[in-house]
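Here's a quick briefing for anyone opening this structure for the first time. Have a look around before reading on.

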Amino acid sequence: MTTPTVRQRRVLLVVGGGIAAYKTLEVVRRLRERDIAVRAILTRGGREFVTPLSLASLAGDKVYDELFSLTDEAEMGHIRLSREADLVVVAPATADLMAKMAHGHADDLATTALLATDKPVLIAPAMNPVMWEHAATRRNVAQLRADGIAVVGPEGGDMACGEVGTGRMAEPAAILAAVLARLDGGVGRLAGRRAVVTSGPTHEPLDPVRFLANRSSGRQGHAIAEALACAGAEVTLVTGPVALAPPAGVATVEVESAREMADAVDAALPADIAVCAAAVADWRPAEVRDAKLKKSDDGSALTVALTANPDILKTLAQAGPRRPRLVVGFAAETEDVERHARAKLAKKGCDWLLANDVSPATGTFGGARNRVVLFERDGGAERWPELAKTELAERLVARIADALEADTTAAVGAG
Ligand code: CTP
C-alpha cells in the first residue's frame with residue numbers, strides 16, 4: 001500500500017463540560033486512527049464528564065487543564081499550545097463556552113488558548129434545546145460564524161436531559177468529516193467521486209410473516225460508506241434490514257430483498273466506486289404466498305422451492321459502459337478461503353476482492369473486527385492484520401483513493 005508521506009496533522013481539542021463529552025472520546029480515537037495528533041485541553045466542566053486519564057490515553061498525549069500550571073507554562077505556554085495545531089476543535093461547545101468565545105473572555109486555559117490562536121476553529125455545540133434556541137445563544141452563534149468559526153451540528157432528537165429538540169452534539173462521524181475537510185483544505189481525497197456501497201443482509205419473503213435471511217450485521221458495509229463520505233465522496237448506501245443508524249453524510253436507501261437491492265444499486269449509477277459488502281441471499285423462495293403458510297395437520301415436511309437471485313456484484317462488474325471504475329467485492333467463506341476467493345474474483349469480474357473467513361469461530365459476522373486478504377485482479381494479494389471494522393474501512397478507502405489517484409486517466413480495472 002502506498003501512503004503519501006505528509007507532515008503529521010495536529011488538532012488542538014477543547015473538551016467542554018457536557019454529557020456529549022463521551023462522544024468526543026470517540027472523535028479522538030478516530031483522529032488517532034488516521035495518525036492525526038490530538039492535544040487536548042479539558043475544561044473544569046469537561047472534567048465532570050470525562051477523566052483526564054481517558055482523554056490522555058486515547059490521545060496518546062498529556063491533557064492540559066490548568067492555566068497557571070507553572071510547569072506547563074514553562075514547557076508549553078498557552079500561546080504555543082494554540083499555535084502548534086493546524087486546527088482547533090471545541091467539542092462539546094457548551095452555551096457558556098460559546099458565550100465566552102463570542103465575547104473574547106480568557107479566564108481559563110481553554111478560553112485563553114481560543115483567544116490566542118491564529119488557526120481555524122471548528123465548534124460542535126451541545127446543549128439543552130431551549131438553551132440552543134435562546135436569543136443569547138443565537139446571537140453568540142451568529143457572532144462566532146461572523147468571526148469565521150465553523151460550526152458542525154447540533155442535531156435534533158432525544159436529549160440526555162429527556163427533552164426533544166435541537167441541541168444534541170453532532171455524531172463523531174460528522175465531526176470527523178468536518179475536521180478532515182478542514183485539515184485537507186476543504187477537499188477530501190475522494191471529493192468529486194461517486195460511490196455506491198451495499199451492506200447488511202437481504203430478507204427474502206416466503207409469506208407475509210416469514211423470510212429467509214442471514215446473520216450479517218451491516219457493520220462493515222456501513223463503516224465503508226461512512227469512511228468514503230469522510231474522504232469527500234458522494235455516497236449512496238443501499239442496505240438490507242440492519243439495527244444500525246444510517247451513517248452521517250451518506251444517502252441511505254433501505255431495501256429488503258436482493259431484487260430491491262439490485263434495483264437501488266442500478267438507480268445509484270453512474271458511480272466511480274462500487275463496494276459490495278452486503279451478504280445478499282443467493283436464492284429466494286420461488287413463490288411468495290399471499291397468506292401465511294399453514295402447517296399441515298399430519299405434520300408432514302414442507303418443501304420450499306428456491307430460485308436464484310440477481311448477482312449484484314457481478315452485474316456491476318460486467319456493466320459495460322456503466323461499470324464503476326473500481327468494483328470491490330467481499331468473499332465470505334467458511335473454509336479454504338483463499339482458493340475460493342481467487343475463483344470468485346475471476347467469476348465475478350470485479351477489481352478487488354476482500355476475502356474474509358466468516359466461520360462461527362472467527363466472530364466476523366455481527367462482530368466488530370475483521371481480518372481480510374485483499375486479492376487484486378492482476379494476481380496481487382495483501383494480507384491485512386486483524387482490524388476493527390471501522391479501521392478496515394478507513395484502510396480500504398485510503399487504498400481506493402491511492403488507486404484512483406494513481407490512475408486518473410485510464411480505467412483502474414476496466415474490462
Ligand atoms: N454478492 C452480490 N449479489 C449476490 C451474491 C453476492 O452482490 N446475489 C456479492 C457480495 O456482496 C460479495 C460477493 O458478491 O461482495 C461475494 O459474496 P459471497 O456470498 O461470498 O459469494 P457468492 O457469490 O454468494 O458465492 P457463494 O455463496 O457460492 O460462496
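A word on naming before the tour: helices and strands here are DSSP runs, with at least four residues for a helix and at least two for a strand, and they're numbered from the N terminus. With that numbering, D35 sits in the loop between helix 1 and strand 2 (37-42). Keep in mind that this is a predicted model. The protein is divided into domain 1 (10-183) and domain 2 (194-406), and the bullets below go through how these meet, how some helices pack, what surrounds the ligand and a few backbone details.

**The two domains**

- Start with the big split: domain 1 covers 10-183, while domain 2 covers 194-406.
- Measure from C-alpha centre to C-alpha centre and you'd get 37 Å between domain 1 and domain 2.
- Where they touch, domain 1 puts in eight residues and domain 2 also puts in eight residues.
- On the domain 1 side of that contact, helix 9 (residues 172-183) gives the most, with five residues.
- That domain 1 side is made up of five nonpolar and three charged residues, with no polar ones.

**Helix 1 and its partners**

- Helix 1 (residues 21-33) pairs up with helix 2 (residues 52-59): their axes come within 9 Å and cross at roughly 20 degrees.
- Angles under 35 degrees count as roughly parallel, so helix 1 and helix 2 are roughly parallel to each other.
- The crossing of helix 1 past helix 2 is right-handed.
- Helix 1 brings L25, V28, R29 and R32 to this contact, and helix 2 answers with S54, L55, L58 and A59.
- Sorted by class, the contact of helix 1 with helix 2 holds five nonpolar residues, two charged and one polar.
- Helix 1 also meets helix 9, with axes that come within 9 Å and cross at roughly 45 degrees.
- That crossing angle is why helix 1 and helix 9 are called oblique to each other.
- Helix 1 passes helix 9 with a right-handed crossing too.
- Here K23, E26, V27, R30 and L31 of helix 1 face P172, I175, L176 and V179 of helix 9.
- The contact of helix 1 with helix 9 counts six nonpolar and three charged residues, and no polar ones.

**Helix 10 against helix 14**

- Over in another pair, helix 10 (residues 219-230) and helix 14 (residues 389-406) have axes that come within 8 Å and cross at roughly 45 degrees.
- So helix 10 is oblique to helix 14.
- Helix 10 goes past helix 14 in a right-handed crossing.
- From helix 10, the residues making the contact are R219, Q220, A223, I224, E226, A227 and L228.
- Their counterparts in helix 14 are K389, T390, L392, A393, E394, L396 and V397.
- By class, the contact of helix 10 with helix 14 has eight nonpolar residues, four charged and two polar.

**Around the ligand**

- The ligand is surrounded by 15 residues, and the closest are C276, V280, I312, L313 and G329.
- Two elements give two or more residues to this shell: helix 12 (312-317) and strand 17 (326-333).
- Strand 17 supplies the largest share of the shell, with four residues.
- Split by class, the shell around the ligand has nine nonpolar residues, three polar and three charged.

**Backbone details worth a look**

- What kind of peptide bond joins A91 and P92? The bond between A91 and P92 is cis, with omega at about -5 degrees.
- P92 itself lies in strand 4 (residues 87-93).
- G153 and P154 are joined by a cis peptide bond as well, with omega at about 0 degrees.
- You'll find P154 in the loop between strand 6 (150-151) and strand 7 (155-158).
- Back at D35, phi is near 60 degrees, which is a positive value in a residue other than glycine.

Note on methods: Residues numbered from 1 in each chain as written. Predicted model: local features only at pLDDT ≥ 70, side-chain atom pairs only at ≥ 80, totals over all residues. Axes fitted to C-alpha atoms, helices over the stretch in contact; angles between N-to-C directions. Parallel < 35°, antiparallel > 145°, perpendicular 65-115°, else oblique. Left-handed = near helix turned anticlockwise from the far one by under 90°. Contact = placed C-beta atoms within 7 Å. Nonpolar A, V, L, I, M, F, W, Y, C, P; charged D, E, K, R; others polar. Near = placed C-beta within 6 Å. Domains from an automatic or database assignment.
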